[in-house]
Amino acid sequence: DGVDTTTWETSEKKNAAIMRIRIAFPSSSLTIINDLQGLDDGLFKLFCSDFLVAGEIQYPSTDEREATSSTPLRLDSNTVKPVFKFDLSSVVTAQYFDTHSSSWEPLLLQQWETSISALRAPGKHSGSKRLQTTINIDSDPCHISFSEQFLISLGAANRMWSSYSFATSEAAVVESSTAQSPRTKTTGTGPASSASSRKSERSSSLLVRKSTAANAARSFVTNLPYVVENRSGLPVSFELKGNDKDYHCEHGCSRYFRFDPPKGDGVGGERAYGQDVTKFKTLTLHVGQRSIQFQHLDAYLKLPPQTHDLGYGRQLFTSVIRKGRATCLILSSNISLYNCTASLDFKIDLERRGKTYDIGVAERKRGVASSVCARAAPSVTSEEALEGIPALGIPVSCLQNFDNCIPSIEVVESDSGEGVHSDEAGAATRTDDELKIIISPILKGASSSTGLLVQGNFVLPPIAELLEKGSEGSSMQMVEVICSMNGGDVKEKEVETVQHVESLVLRVLYRITLVGGHPCIAIFLHPRLLIENVIPLKLDLRSLSRYTFSSTSHVVAENSSNEVVHVLEPREMAESFAAGASCTACIKIGEEPSAGTATGWSESLELPLSRRFAVPLKVVLPFVGKSEDGSTNPVYKRGDIFYIMESSDLDSFLAVDEQGEKQNSAASGTEEPEEHTVEAARRLSIVAMNFAIDHTGEVLLQEAEKDGKSSSTATGKQQLIPLIASSYGSFSLPNRTHARLSLIPAPDSQFKLIRPTLDASGATLSSTFRVKDVIFCGGGVQSSAILYDNKMVSGLFAYRKFSSYGQSEIHIIPEFIIYNGTDADIEIIQQGRADLLLNKDRVAPLSMPDRGKGLNLLIRLPSIGARIDNVRLDGLGSRINVIKREGDGSPIGSMKLQTEPGHSDSRLVIKVGPVKLSGGDAEKIKEEEKAELLFSGDFFRFRATMAELQVTLNDTQRSLIHGSAYEKNRAAIESTFDVHAPEDGDTGASDSAI
């Protein structure tokens, strides 16, 4: 390799310094954990064995150092620079903590052996005195395996650490600035004034310290890693092994806690996770006089829910899940209710055997958009998927003997949670035992005193039917509940005929599963219809239904009737609980265009509530024009075009053939829903087929005539036309200076670009083109050129890509943009154009008026009173330009100007490099030379070899609770923690009477 590696000789010169290093240890381990914001989770572990570092460094002799200590070292002086040789070898294994299985998984599937050698010595090349530094890395096969949970854990830890570091650094800056600020002057004199000044300084210092501590605390600890969530209706308490404290948890409460780590040899405890746990995290739950012990709480994370017989026909259901950042033990009865709406709370009552029980209020999730609630699919089989959706449990005492078809004795619940016998002895089997769930929406201005309460109910099937459906697997059923002034005594088949103004209809789904042979029912409350905005613009939705809700709404008065207008931001939803077969609504764009023609309200739309759209419904938002009397009148023949369709059909709708036959259909036919499917709230999406993003901020879109006639003259000259009032509206985009968005009809629609002239006296038209004429690419030099109507080059280009909303984006980009990479503002001067002031780190579009002369620019630097003379920049490449003083034209420095292919916002980009002035700071240059002194002039050689690299990503989300992930860890869990999954009739945890 050009280096004499066989004759490494140490210097025997007088006063030469030689240092030999050798570090070795047989084994070591490093465990990284995340305990920020209340977490206590492992991240990964590294094990290193047979670690060895050996090397030698030879420094120059004393005479040589003294001779060159005050002057820069010569490039050809190989005697005064240190030479060295190092070797490192190690064997590494690694594991990561998978929160999905709560266990350590191998990160490296086999031991990974690596060796690194570094050598710096004189080269063997004839006549060369330069040193050569060689680094060699040799690696055995490396097999890496991890799950997406590992990536999620690393990302969460990184974000938490960034938040904590930012808060503490900001507090430190405040403290530093306060300490350096001058003392406040006082007008008083004498000791009293001095004492007041010192007291003020102490108060200020204390305030800063409190601020620092508060910032650190807010980012460091927020909760505890374990929680018991009680929705069983019974008061419970629990205790932890090794902890004498007794924790109480009432119904509807969540109690957070932490297991104390086992004591180690030093101060504090030892942390252990997964298989490393030697001290079980034992929790004993007390319900009345019954005790339920969980020998190791973490071991129940991947076990199915379990049942525990409390006696007197009462069953307690328990499950352990990961809920947010905590491990959660959930206590519930046979029935849990979830409010999946984002707009209403519901009061829940239970009627059984002639008695009515006040269950409580099923609250909506505050601060969560309806789209989040809508994604909580009721067909899921785990509590994790329902995270963030509040749950309300039916008390165990209300469901005693719920699933027992045998004679029983009536039991009354005592204050301690223990069942006691009543005076009446129940006799026969309850064949008429039915459960009626009474639902009362909580509406503004409605109360029992005013008599405006609306109420509805539904009856659960008999127990025999529940057991039959549960034995077939997770079974989902649906019923529509009518809430009205008469208490909801309306048959389900009459839902579509109900027209009473006070009627409210919600869709109720319930899932039946068997746990230990007992039915477990989850009830989900959904709106009847969801209307989602899938357009990247704000929409206004006007509904005649009183029971349509959204996060933002306001009342407007038109035609002496108060109507509610709902504002839907992109991806937001409106929820409708309207009765009847359909609901009436109108939509319009909720933003004023920055250019182009505004549009008004659509015509009234009848949205079916029980039937599906067979084909998308075409909606025209008409252009609004002014009549002779000054009033605005909509023109329904032309305007922006939207489509309303089933959200489940959205992907197939956007992926159909671009001929657009299905999209352009104006039919609004409906079809019956498939009988074998049970869906949650019916969800409609308001979509636009395509839209254009104008990066120049200058052009508008106009729909072309069907015959595609050109507006150019017979002479071939470019024709000026008046600014057209019926051009599509162009809307400003947030966080973008020039970019604007316009909606486009179907892919086969023909349209033109309108570009205003410089004096705004008219506009020029481009040639006619369609969406599908534009190629898919990433922009830049691959973009398609747009011509004027007379086939001349317009200086505009276009490309197409799929957007995050699933539609096609047409990007209109300029031929050039210029980027200011200097540390100050610059001024761009172009003949025939207005001067452009460009701030640092900003971009601006440029055009080339005369393609024969090219793009010529003059660049001024106002901060230093200098300029760069006229330079042509339309060709690819870089050039160094002289910076001249504006007064006398003398050169004072240089600047690099580079033209290169653009990306998403231009075809080409001109980059203005930093300013380099002559006569720099000599001291700064000297310091830079010293920083590069050690290896300056060296030859560098780097070589890395790896026999094999294999990376495997394990998708843990593909397996359900009873899937491969559980089966894989089941044997280890059962043998290690002495627990087992319950069979039918088995409670799974130890029950003992105290």
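This report describes the overall make-up, the charged pairs, the cysteines and a few selected residues of one protein chain.

## Overall make-up

The model is predicted, and what follows should be read as a description of that model. The secondary structure of the chain comes to 8 helices and 62 strands. Of its 994 residues, 44% count as buried, and the accessible surface of the chain amounts to about 50600 Å², with 51% of that area belonging to carbon and sulfur atoms. When contacts between residues at least 6 apart in sequence are considered, 66% of them join residues that are at least 24 apart.

## Salt bridges

Side chains of opposite charge can pair when their charged atoms come close. A search of the whole structure finds 28 salt bridges, and three of these pairs are set out below with their N to O distances.

| Salt bridge | N to O distance |
|---|---|
| E229 and R231 | 2.6 Å |
| E480 and R528 | 3.2 Å |
| K469 and E465 | 4.0 Å |

The pair of E480 and R528, whose side chains meet at 3.2 Å, N to O, links distant parts of the chain, with E480 in strand 25 (residues 475-483) and R528 in the loop between strand 27 (518-527) and strand 28 (529-533), 48 residues apart. Both partners are placed away from the surface, in the sense that E480 is buried and R528 is buried as well.

The pair of K469 and E465 has another setting, since both residues lie in helix 5 (residues 463-471), where they are 4 residues apart, or about one turn of the helix. E465 counts as partly exposed, because its relative accessibility is 34%.

E229 and R231, which meet at 2.6 Å, N to O, are both buried. They also take part in a network of salt bridges that links E229, R231 and K323.

## Cysteines

A disulfide is a covalent bond between the sulfur atoms of two cysteines. How many disulfides does the structure hold? The count is 0. For C328 the reason is one of distance: the closest cysteine sulfur to its own is that of C249, and because the two sulfurs are 9.6 Å apart, they are too far from each other for a bond. C328 has a relative accessible area of 1% and is therefore buried. C142 is likewise a buried residue, because its relative accessible area is 4%.

## Selected serines and an aspartate

C328 appears again in the surroundings of S319, a residue placed in strand 15 (residues 314-323). Leaving aside neighbours within four places in sequence, S319 is in contact with P305, C328, L329 and I330. Is S319 buried or exposed? Its relative accessible area is 13%, so S319 is buried.

S543 is found in strand 29 (residues 539-543), and because its relative accessibility is 6%, S543 counts as buried. Not counting residues up to four places away in sequence, S543 touches T548, V564, T584 and A585. Among these partners, T548 is joined to S543 by a polar contact of 3.2 Å between the two side chains. For A585, the separation from S543 is 42 residues in sequence but 4.4 Å in space, taken from C-alpha to C-alpha.

D98 has its place in strand 3 (residues 83-98). Which residue shares a polar contact with the side chain of D98? The partner is S147, and the contact between the two side chains is 3.4 Å. D98 counts as buried, because its relative accessibility is 4%.

## A nonpolar patch on the surface

Turning to the surface, I864, V915 and L917 make a nonpolar patch of about 210 Å². Of these residues, V915 is found in strand 59 (residues 908-917). The relative accessibility of V915 is 31%, so V915 counts as partly exposed, and this value also lies over the 30% that a residue must exceed to be part of a patch.

Conventions. Residues are numbered from 1 along each chain as its sequence is written. This is a predicted model: local features need pLDDT of at least 70, side-chain atom pairs count only at pLDDT 80 or more; totals for chains, interfaces and linings use all residues. Side-chain values use heavy atoms; hydrogens and water are left out. A disulfide is a pair of cysteine sulfur atoms within 2.5 Å. Buried means under 20% relative accessible area, exposed over 50%, partly exposed in between (1.4 Å probe, protein chains only). Helices (H or I, at least four residues) and strands (E, at least two) are DSSP runs, numbered from the N terminus. Patches are made of residues with over 30% relative accessible area and no salt bridge: like charges are joined within 9 Å, nonpolar side chains (Val, Leu, Ile, Met, Phe, Trp, Tyr) within 5 Å. Accessible areas come from the Shrake-Rupley method with a 1.4 Å probe; for residues, only the protein chains shown count as cover. Contact means heavy atoms within 4.5 Å. A polar contact is a pair of N or O atoms within 3.5 Å; within protein, one must be able to donate a hydrogen and the other to accept it, and residues adjacent in sequence count only if both atoms are side-chain atoms.
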